[in-house]
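User: I'd like a close look at one part of this model, namely how its aromatic rings pair up. Please start there and then carry on into the surrounding architecture.

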Amino acid sequence: MFFRDVSFSPHEAELRFRLIHFWEARNLNTKELIGQEMLLIDEEGTVIQGFITAGRVGMYKLTSGSVYKLSNFFGSRSKVQFRVADHRATISFSWNSDLKVLENHPVPILEDRFRFHRYEEFHANCDRRVDLYDYVGHMKLVNGQTITDHTALDEVDIAEKRHLCVHVQTHDGPVMKLYLWDNAASEFCQKFISYGRTPTVLLVTTVNPKHLGGTLALASMASSRVLSYNLDIANKITAEVVTKPEPVTLEELYSYIKQETTKVAWFECTTTIDDIVQSSSWYYISCGGCNSKAIKGPTSLICNNKKCVKREVTGVPQYLTKIDVYDKSEQAVFAILGDVGKELTGKHASELVAKCFESNEGLGADHPVPVPQALLDTIGHTHKFIVKVSDHNLTGKTQTITVTKILPPEAPLAIAHLEEGTTPAVSDDVLKGVGDESGPSTSFEHSAGDRVRKSSESLESLEAKRSKSG
């Protein structure tokens, strides 16, 4: 039996897994022991949380990293607050649970699996007390000290205060404060002092985003681990992390969105394309620098993103295609953005737009650009879509679900890969437009540059006409 088969019921079947980590769960106020929590991973790489009640703590010999087999357990509903795994169920040990160490297990099991978040995702989930995600980034300060070859930590002071503060930064994101408490603080000190050279990269698991002093900060929890300072290892983990989005039906996806404690998340949906929505634009004109929507200026296109350094831009067509999809449980509308469209059709949006221009030289600027045949040919095909439940879905602004990746058969993909390099970093005006009934992109001109510019002008003109007509 695999973790994906675990349901909310008692099970007599045998599970085989690696114990990644375990820790005590205590009442935050009384410090009373509630039980022992665990993080487990099976042969398929699926991660699930485990739990042993307080009365049974000590009955089982647990060693992090060991492989076990377990029979007789209960699949209970995963807790809502401070979750450490995506699975909806928790492996709860029962009165007759039988746990044994597996020596020389023939099937390799991964040693770990991470769920990394960037600043934007941590900020979106700040103070919500839902899932605890992992963080990897560069250290800037440790307890106010600049990191140099001579940086020394006061272990006695840190032990007395039971915490320390590390200023961290991911790539070019904002600097954040990361507070390490109790065991995490001790583990940090031990590794910092024992490291052969000045450490610069920090990886901490299951951190809690919260507002402290009016700014976003991260705080370690009882489940947190301080794992790595090595830059090469950290870069490798970031690139090769294989946390798989949970497969769900469309019915389950909408059920998730309706829950009160939902958060931004990624899921895998296997659906069939029923139609291409033709009442809205299948592409938009983007800034060639940041992929935000380009708008008409006095003499040229202008990027609509205030943070973009380019004031005059060359427009680039990008996919902004809505498709009707269905599975056995429900129907939905998915939005295909940016390079994801190429994964669907095999062609860039700019290539399809240029082809439309070439075959319709005689048409006027206000004539709508039709949906290309390459998109229409996808109707009736079934795909595995990685979709993102965004803030726009959670706030009810739109029911359209954004696709971040289209998987080939049997190709699990990392969350880290889904977040970077798959969809353009479009601005909110484009994402909001996904849920709107905006009209088709238009325009035909002779030169390639004018074609792009005229497309944007016509698109803005149509939007203006629609707003005037109500």
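Analyst: Rings of Phe, Tyr and Trp (its six-membered ring) pair if their centres lie within 6.5 Å; planes under 30 degrees apart are stacked, over 60 edge-to-face and the rest tilted. This is a predicted model, in which local features need pLDDT of at least 70 and side-chain atom pairs count only at pLDDT 80 or more, while totals for chains, interfaces and linings use all residues. Residues are numbered from 1 along each chain as its sequence is written, and side-chain values use heavy atoms, with hydrogens and water left out.

On that basis, the structure contains 10 aromatic pairs. One of them joins Tyr60 and Phe93: the ring centres are 5.0 Å apart and the planes lie at 75°, so the pair is edge-to-face. Tyr60 sits in the loop between strand 3 (47-53) and strand 4 (67-77), whereas Phe93 belongs to strand 5 (residues 89-101), so the pair ties together parts that are 33 residues apart in sequence. Helices (H or I, at least four residues) and strands (E, at least two) are DSSP runs, numbered from the N terminus. Tyr60 and Phe93 are both buried, where buried means under 20% relative accessible area, exposed over 50% and partly exposed in between (1.4 Å probe, protein chains only).

Ring pairs also link Phe3, Phe17 and Tyr68 into a cluster. Another ring takes part in a different kind of contact: the charged end of Arg115 sits over the ring of Tyr133, 4.2 Å from its centre. The criterion is that NZ of Lys or CZ of Arg is within 6 Å of the ring centre and within 35 degrees of the ring normal.

Now for the strands around that first pair. Strands 1-2-3-5-4, in that order, make a closed barrel of 5 strands with mixed pairing. Neighbouring strands of this sheet are turned by 55° against each other on average, direction ignored; the axes are lines fitted to C-alpha atoms, for helices over the stretch in contact, and angles run from 0 to 180 degrees between N-to-C directions. Within the barrel, 7 bridges pair strand 2 (residues 33-42) with strand 3 in the antiparallel sense, and Leu40 stands opposite Ile48 of strand 3. Two strands pair if DSSP finds at least two bridges between them.

Tyr133 leads us further along the chain, to strand 6 (residues 133-142). Of its 10 residues, 7 are buried, so strand 6 is largely enclosed by the rest of the structure. It pairs with strand 10 (residues 201-212) through 5 antiparallel bridges, and Val136 has Leu203 as its bridge partner there. Strand 8 is another antiparallel partner of strand 6, over 4 bridges, with Met139 opposite Val168. Strand 7 (residues 145-146) joins strand 6 over 2 antiparallel bridges, one bridge pair being Leu141 and Thr146. Strands 6 and 7 form a hairpin with 2 residues between them, and Asn143 in the turn has a positive phi of about 50°.

From strand 8 the pairing carries on. Strand 8 (residues 163-169) and strand 9 (residues 176-181) run antiparallel and share 6 bridges, and Val166 faces Leu178 across them. Strand 9 also runs parallel to strand 11 (residues 215-219), with 3 bridges, and here Leu178 stands opposite Leu218.

The helices are worth a visit too. In helix 7 (residues 349-359), the buried residues are Ala349, Leu352, Val353, Cys356 and Phe357. They cover an arc of only 140° around the axis, which puts them on the same side of helix 7; the arc is taken from the directions from the helix axis to the C-beta atoms. The face turned away from that buried side carries the exposed residues Lys355, Glu358 and Ser359. In helix 2 (residues 155-161) we find Ala159, which counts as exposed because its relative accessibility is 54%.

Ser286, in strand 15 (residues 283-287), counts as buried because its relative accessibility is 0%. Leaving out residues up to four places away in sequence, Ser286 touches Asn291, Ser292, Lys293, Ala294, Thr314, Gly315, Val316 and Gln318, contact meaning heavy atoms within 4.5 Å.

Stepping back to the whole, the protein has 12 helices and 21 strands, and buried residues make up 49% of its 470 residues. Among contacts with a separation of 6 or more, 68% are between residues 24 or more positions apart.
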